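Open the model in your viewer and keep the selection panel at hand. The stops below cover a helix pair, then pockets, then cavities.

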Amino acid sequence: MTLRLGYGTNGLTDLRLDEALGLLADLGYDGVGLTLDHMHLDPLAPDLGARTRKVARRLAGLGLGVTVETGARYVLDPRRKHGPSLLDPDPDGRAARTALLVRAVEVAADLGAHAVHCFSGITPPDTAPDTAWQRLTGALAPVLEAADRAGVPLAVEPEPGHLLSALADFHHLRTLLGDPEPLGLTLDIGHCQCLEPASPADCVKEAGPWLRHVQIEDMRRGVHEHLPFGDGQIDFPPVLEALASTGYDGLTVVELPRHSHAGPELARTSLDFLRRAAATTNGAAPC
C-alpha cells in the first residue's frame with residue numbers, strides 16, 4: 001500500500017492558492033487539503049462555480065488529489081471563531097453552517113475530492129448534552145443527504161474541546177443517525193496523541209473501517225497544539241504502518257494551521273520527515 005501525502009492550505013494562508021498548489025506539486029505531494037476560506041476558494045464570494053472549475057483544472061494539471069476542509073475560523077462570522085456552529089442555539093445560525101457544508105459538498109463534487117471534512121463545534125454554555133446531540137444530528141441531516149447525492153463522503157473530525165471530541169463520540173453519532181452510508185471519519189493523528197486512551201497507531205486500526213480522511217502532525221499528550229514533526233511525542237512509523245494495514249487510500253494531510261508564516265519550508269521538511277518515517281515501516285511507502 002502506498003501512502004498519498006498532502007498538505008493543508010490552512011498552513012499556507014500567506015500564499016495565493018495557485019501558488020500554494022504549485023508549491024505542493026513541485027515538492028512532490030500527492031494532494032492538498034483545501035480549506036474553503038476567504039483567501040482560498042471563498043465559498044461565499046460570487047462566481048463560485050467558475051472559480052471552482054478553474055481550481056479543478058489547476059489540480060488536474062498538477063496531478064494533485066484533494067480533500068475539501070471546512071475548518072476556516074471566521075468564514076461565516078468575522079467576530080466568532082468557527083461560529084455559528086452546528087450546535088448554535090439560534091436555528092438560523094445552525095442553518096447557515098449547514099448551508100456552508102452543503103456548498104462544500106457541491107464544491108467537492110466539482111473538484112473530484114475524495115471527502116468533505118467537518119466537525120461538530122463546541123457545546124454552547126447552559127446546553128444539555130442531549131440537546132447538543134439533537135442539534136448536531138438535525139443540522140447534519142441535509143449535509144448527509146447532499147453527500148449521498150454527490151457521492152462524496154462526509155468525514156466528521158473528533159476535535160478536542162468539541163461535543164464530538166473522541167472516537168467514542170463519532171460512534172455515538174453514527175448510532176444516533178442510524179449509521180448512514182455517507183458518514184465517515186476524519187482522524188487527526190495529533191488529536192489521538194492529545195486525548196485518546198489508546199496509542200495513535202491503535203486509534204488508526206480501530207478507526208480503519210470508517211476512515212475517509214486523515215490529518216497528521218506532531219502533538220504532546222494533553223496539549224492541543226499542532227506541532228511540526230519532531231517537536232511532539234508521536235512515534236510515527238507505527239502510525240504509518242497502521243494506516244497501511246487499514247487499506248485507507250485517501251490523502252494523509254499535514255495539518256499545521258498556525259505555522260503559515262513558515263509554510264513553504266515546513267511543507268518541504270514535513271514531506272521529508274514522512275518519507276523517512278514511511279521508509280522504516282514494513283507496510284507503507286510514500287508515492
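A crossing of two helices is called right-handed if the near helix is turned clockwise from the far one by less than a right angle, and left-handed if anticlockwise. The model on screen is a predicted one.

**Stop 1: a helix pair.** Select α1 (17-27) and helix α9 (residues 263-279). α1 passes α9 in a right-handed crossing. Their axes come within 10 Å and cross at roughly 30 degrees. Angles under 35 degrees count as roughly parallel, and α1 and α9 are therefore roughly parallel to each other. To see the contact, show side chains for Leu23, Leu24 and Leu27 in α1, which meet Pro264, Ala267, Arg268, Leu271 and Arg275 in α9. By class, this contact of α1 with α9 has 6 nonpolar, no polar and 2 charged residues.

**Stop 2: the second largest pocket.** Keep α1 selected and add α2 (48-62); each supplies at least two residues of the lining of the second largest pocket. α2 gives the most, with 4 residues. The pocket has a volume of about 220 Å³. Select its lining: Leu17, Asp18, Leu21, Met39, His40, Leu41, Asp42, Arg51, Lys54, Val55 and Arg58. These divide into 5 nonpolar, 1 polar and 5 charged residues.

**Stop 3: the largest pocket.** Now center on Gly71, Arg73, Lys81, His82 and Phe119, which lie nearest the centre of the largest pocket. Its space comes to about 810 Å³, and 37 residues line it. Which strand gives the most to this lining? Select strand β9 (residues 223-227), which contributes 3 residues. Colored by class, the lining shows 10 nonpolar, 16 polar and 11 charged residues.

**Stop 4: the largest cavity.** The whole structure holds 3 cavities of 30 Å³ or more. For the largest cavity, of about 70 Å³, keep His82 and Phe119 selected and add Thr70, Pro84, Ser85, Leu86, Arg97, Leu101, Cys118 and Ser120 to complete the lining. His82 and Phe119 thus appear at both stops, in the lining of the largest pocket and in that of the largest cavity. The cavity lining has 5 nonpolar, 4 polar and 1 charged residues.

**Stop 5: the second largest cavity.** Select β6 (183-188) and α6 (189-195), each of which supplies at least two lining residues here. The lining consists of Pro158, Ser165, Leu167, Leu187, Asp188, His191, Cys192 and Glu196. The space inside is about 40 Å³. Of the lining residues, 4 are nonpolar, 2 polar and 2 charged.

Definitions and conventions: Residues are numbered from 1 along each chain as its sequence is written. This is a predicted model: local features need pLDDT of at least 70, side-chain atom pairs count only at pLDDT 80 or more; totals for chains, interfaces and linings use all residues. Side-chain values use heavy atoms; hydrogens and water are left out. On a 1 Å grid over the protein atoms alone, a cavity is a set of points where a 1.4 Å probe fits but cannot get out, and a pocket is an open set with protein on both sides within 12 Å along at least five of seven lines; lining residues have an atom within 4 Å of a point. Grid points are joined across faces, edges and corners, and a volume is the space filled by probe spheres set on the points. Ala, Val, Leu, Ile, Met, Phe, Trp, Tyr, Cys and Pro count as nonpolar, Asp, Glu, Lys and Arg as charged, and the others, Gly among them, as polar. Axes are lines fitted to C-alpha atoms, for helices over the stretch in contact, and angles run from 0 to 180 degrees between N-to-C directions. Angles under 35 degrees count as roughly parallel, over 145 as roughly antiparallel, 65 to 115 as roughly perpendicular and the rest as oblique. Contact means heavy atoms within 4.5 Å.
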